[in-house]
Amino acid sequence: MRKSPPPPGSAHGAAPVAYVLVPPGATAKTLITEFARYLGIPTTTRMTQTQITDAVCHTYTQAGVQLILIDEIHRLNPRTTTGAQTADLLKDLTERLPTTFVYAGINVTDTPLFSGTRGAQLAGRATLVDCGPLPARHGTRHPFRDVITDIENALDLHHHKPGTLPAHAPYLHQRTAGRIGSLTRLIRQAAITAIHDGTERITKTTLDAVRLDHLAEQHNRPTRNR
């Protein structure tokens, strides 16, 4: 992650954010095209990578983008020719854009991402932050329950009673192992079920009936005493 101060005159805390997904088998040109697509910067197949990069840097600077989240970074392999060129592009962007870069990926230390000359350059510009499951409690705070509350507030179920889901926070944390992805899938599927059966509310019975992803189900499987 690379931090830069906000530009003069900008409102602190109102930082525009860009989200870019590294495509499978990304090349430098396909990745910079994803940067352009996020802000609707027009591109053509005849444009060179340099032309698109110049347009991206100009537009992102003018728009005051202060944080760029690059997801699926584990797909990048600097050991290959295309991967090395893509890593060079990211290095170039961090030098040209007054922006904080955040790279998100899975088990990045077990991939070639930080290996080799270019991988070392990327590693030298990033601080590794391990993101495990969200804890049920952190000091006096209850971050997992707070997330549940926010999700519940976004529900549009006519007969759902506010506060129902936060009251089941311990159960939901155990059921999902604290993983936000599993939590959102569980509540979304329960909400879809509530709409289809006409109840328009989520209960623990509704949640119990939802089958989650394999990882969450394996964690939730009770251990048999022998």
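The residues that line the largest cavity divide into four nonpolar, two polar and three charged. This cavity belongs to a predicted model, and its volume is about 70 Å³. Counting cavities of 30 Å³ or more gives one. The lining is made up of Ala87, Leu90, Lys91, Thr94, Tyr103, Arg118, Gln121, Leu122 and Arg125. Two helices, H3 and H4 (116-123), each supply at least two of these residues. H3 has the largest share of the lining, with four residues.

With the cavity placed, the chain as a whole can be described. The protein chain has 10 helices and three strands. Followed along the sequence, these elements give the pattern β-α-α-β-α-β-α-α-α-α-α-α-α. The chain has 226 residues, and 33% of them count as buried. About 13600 Å² of the chain is exposed, and carbon and sulfur atoms supply 53% of that area. Contacts also link parts of the sequence that are well separated: among contacts between residues at least 6 apart, 65% join residues at least 24 apart.

Which elements build the interior? The largest nonpolar core has 29 residues, and those with the most contacts inside it are Phe35, Val56, Tyr60, Ile68, Ile70, Ile73 and Leu93. Two or more residues of this core come from each of strand E1 (17-21), helix H1 (28-38), helix H2 (49-63), strand E2 (67-71) and helix H3 (81-96). H1 gives the most, with five residues. A second core, separate from this one, has 18 residues, including Ala169, Ile187, Ala191 and Leu212.

Ile73, one of the residues with the most contacts inside the largest core, shows what such contacts look like for a single residue. Setting aside residues up to four places away in sequence, Ile73 touches Val22, Leu90, Tyr103, Ala104, Gly105, Val108 and Leu113. Two of these names, Leu90 and Tyr103, also appear in the lining of the largest cavity.

Helix H3 offers another residue to look at, Thr86. Is Thr86 buried or exposed? Thr86 has a relative accessible area of 1%, and because buried means under 20%, Thr86 is buried. Apart from neighbours within four places in sequence, Thr86 is in contact with Ala26, Thr27, Ala28, Leu31 and Leu76.

The model also has pockets, which are open. The largest pocket holds about 710 Å³ of space. Its lining has 23 residues, and Tyr103, Ala104, Gly105, Val108 and Val129 are the closest to its centre. Tyr103, Ala104, Gly105 and Val108 are also among the residues that Ile73 touches, and Tyr103 is part of the lining of the largest cavity. By class, the lining of the largest pocket comprises 14 nonpolar, five polar and four charged residues.

How many cubic ångströms does the second largest pocket have as its volume? The value is about 270 Å³. The residues around the second largest pocket come from two stretches of the sequence: Cys131, Gly132, Pro133 and Leu134, then Gly178, Arg179, Ile180 and Gly181. Four residues of this lining are nonpolar, three are polar and one is charged.

Technical notes: Residues numbered from 1 in each chain as written. Predicted model: local features only at pLDDT ≥ 70, side-chain atom pairs only at ≥ 80, totals over all residues. Heavy atoms only, no water. 1 Å grid on protein atoms, 1.4 Å probe; cavity = no way out; pocket = protein on both sides within 12 Å on 5 of 7 lines; lining within 4 Å. Points joined across faces, edges and corners; volume = space filled by probe spheres on them. Nonpolar A, V, L, I, M, F, W, Y, C, P; charged D, E, K, R; others polar. Core = buried A, V, L, I, M, F, W, Y, C linked by side-chain atoms within 4.5 Å. Buried < 20%, exposed > 50% of the residue type's maximum accessible area, 1.4 Å probe, protein only. Contact = heavy atoms within 4.5 Å. Areas by Shrake-Rupley, 256 points an atom, 1.4 Å probe, with all protein chains shown as cover.
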